[in-house]
Amino acid sequence: MQEYKVLKKIYSKDEISYALLIFDNGDHIPIGSAEIEDISVRLYDKLILVNDELCAVAESGILKLKLMGKPEMTHTDALVYNPKKYKTDRKSYIENRLVAEGGVIGIRFFEKNNWHTTVFGNMIAKIENDTTYLEYIPKPFAESYESNYHIVHLNKIKKPLISSIRLDFENCEGFTVYSDEILKIHLNLKEELAWSSHDYYRVVKDGYIVLKLNDDINNREVHIFDDCNKKVNRKILERRLCGEKGSATHDICHLYVSYLCSESGARICECLEIEDIKSDKEIAKLEKKEEKTGMYYYYFAGGKCKRQEDGTILITFGRKNKKESG
């Protein structure tokens, strides 16, 4: 059994920059920090996978809101099925949506750096004296919540389970490789989950992937800035990984692994975080140099890529592999 854990977050009104109400049809409504009067949440131990993120679920708790017609600006606009009513009277729209229609399934809380955590759960709403109360209520069956840590049990990363992997680079470039192109994969994952701007992820401690890129894939998902006007081919992708000389330090910061369930055809995506192969001491030294000079010295390094004699590409991750490959 593969168990992973992370310390539970304690929510405080003063640390919330803004919140996002998430509804069961995909709608969402931002709530400004000035509208949040109080918050108290008790979280279940288990995390759930939503899209590609591991998220918390509330056993109980309450969010006390003083809704406004025009709150302060937030980084996220509302997405609602009736935008005209929302813009005409935002406060009444939200109150009616919460109390009369229901359907809110979670709240996403943002801090000052725009990082967030999401708390899903069973929720009911009520209005008293012009104050809106959003209350988390327990599941109909008992589930543990006493631990200080979240836990989740997840599969090992094995080739037969994988439909595709999107290689996500630090500069927001990326492209997808598919199951037939993944010859080997061996990833050792940390037991401790990471919070990295978007809820929780598993973290790759070290490991490798061996690829044999196929030039005949015409519908590959690709986003590479330098070659946006060219027809993407194997050589362009290999150059992005291995550089001009066939061996280079790579800046892959996430792996978006899509799983394939052969019985139902259902696909689930999980994001794995890649750590910088530089030590914390090295990173701190570079950042200090940047502060002193005003110039950029730090760059993310996730491992190394090398084009091998048989035409395959070896991608390594982790500080252990850094030492082994020199």
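Helices, as the term is used in these legends, are DSSP runs of H or I at least four residues long, and they are numbered from the N terminus. The views that follow are taken from a predicted model.

**Figure 1. Helix α3 and its two ends.** Helix α3 spans residues 234-242, and its buried residues are I236, L237, E238, R240, L241 and C242. At the start of the helix, the backbone nitrogen of K235 has a side-chain oxygen of N233 within 3.1 Å. After α3 comes G243, a residue with a positive phi, near 75 degrees.

**Figure 2. A salt bridge within helix α3.** R234 and E238 are joined by a salt bridge in which the closest N and O atoms are 3.4 Å apart. The two residues belong to α3 and are separated by four residues, about one turn of the helix. In general, an α-helix has 3.6 residues a turn, so residues three or four places apart point the same way. The partners differ in accessibility class: R234 counts as partly exposed because its relative accessibility is 28%, whereas E238 is buried, with a relative accessible area of 5%.

**Figure 3. R240 and its two acidic partners.** The side chain of R240 forms a salt bridge with that of E173, at 2.5 Å from N to O. This pair links distant parts of the chain, 67 residues apart, with R240 in helix α3 and E173 in the loop between β12 (162-169) and β13 (174-178). E173 has a relative accessibility of 4% and therefore counts as buried. R240 also forms a salt bridge with D251, where the closest N and O atoms are 3.2 Å apart. Because D251 lies in the loop between β18 (247-250) and β19 (252-260) and R240 lies in helix α3, this second pair ties together parts that are 11 residues apart in sequence. D251, at 16% relative accessibility, likewise counts as buried, since the cut-off for that class is under 20%. The salt bridges of the model come to a count of 19, and among the others is a network that links D27, R97 and E101.

**Figure 4. The largest pocket and its lining.** The largest pocket holds about 420 Å³ of space. It is lined by 21 residues, of which G69, P71, A78, Y86 and R90 are the closest to its centre. At least two residues of the lining are supplied by each of β3 (28-32) and α1 (83-88), and α1 contributes the largest share, four residues.

**Figure 5. Two positive phi values between β9 and β10.** N129, which is not a glycine, nevertheless has a positive phi of about 55 degrees, and this residue lies in the loop between β9 (122-128) and β10 (131-137). D130, in the loop between β9 and β10, is again a residue other than glycine with a positive phi, near 65 degrees. N129 is exposed, with a relative accessible area of 74%, whereas D130, at 39% relative accessibility, counts as partly exposed.

**Figure 6. Confidence along the model.** The average pLDDT of the protein is 90, and 94% of the residues score at least 70. Among the elements of the protein, strand β22 (residues 313-317) has the highest mean pLDDT, 97, and helix α5 (residues 319-324) the lowest, 57. Over residues 322-326 pLDDT stays under 50, and for this stretch the model has five contacts beyond four places in sequence.

Terms used. Residues are numbered from 1 along each chain as its sequence is written. This is a predicted model: local features need pLDDT of at least 70, side-chain atom pairs count only at pLDDT 80 or more; totals for chains, interfaces and linings use all residues. Side-chain values use heavy atoms; hydrogens and water are left out. Buried means under 20% relative accessible area, exposed over 50%, partly exposed in between (1.4 Å probe, protein chains only). A polar contact is a pair of N or O atoms within 3.5 Å; within protein, one must be able to donate a hydrogen and the other to accept it, and residues adjacent in sequence count only if both atoms are side-chain atoms. pLDDT is the predictor's confidence in each residue, from 0 to 100. Contact means heavy atoms within 4.5 Å. A salt bridge is a side-chain nitrogen of Lys or Arg within 4 Å of a carboxyl oxygen of Asp or Glu. On a 1 Å grid over the protein atoms alone, a cavity is a set of points where a 1.4 Å probe fits but cannot get out, and a pocket is an open set with protein on both sides within 12 Å along at least five of seven lines; lining residues have an atom within 4 Å of a point. Grid points are joined across faces, edges and corners, and a volume is the space filled by probe spheres set on the points.
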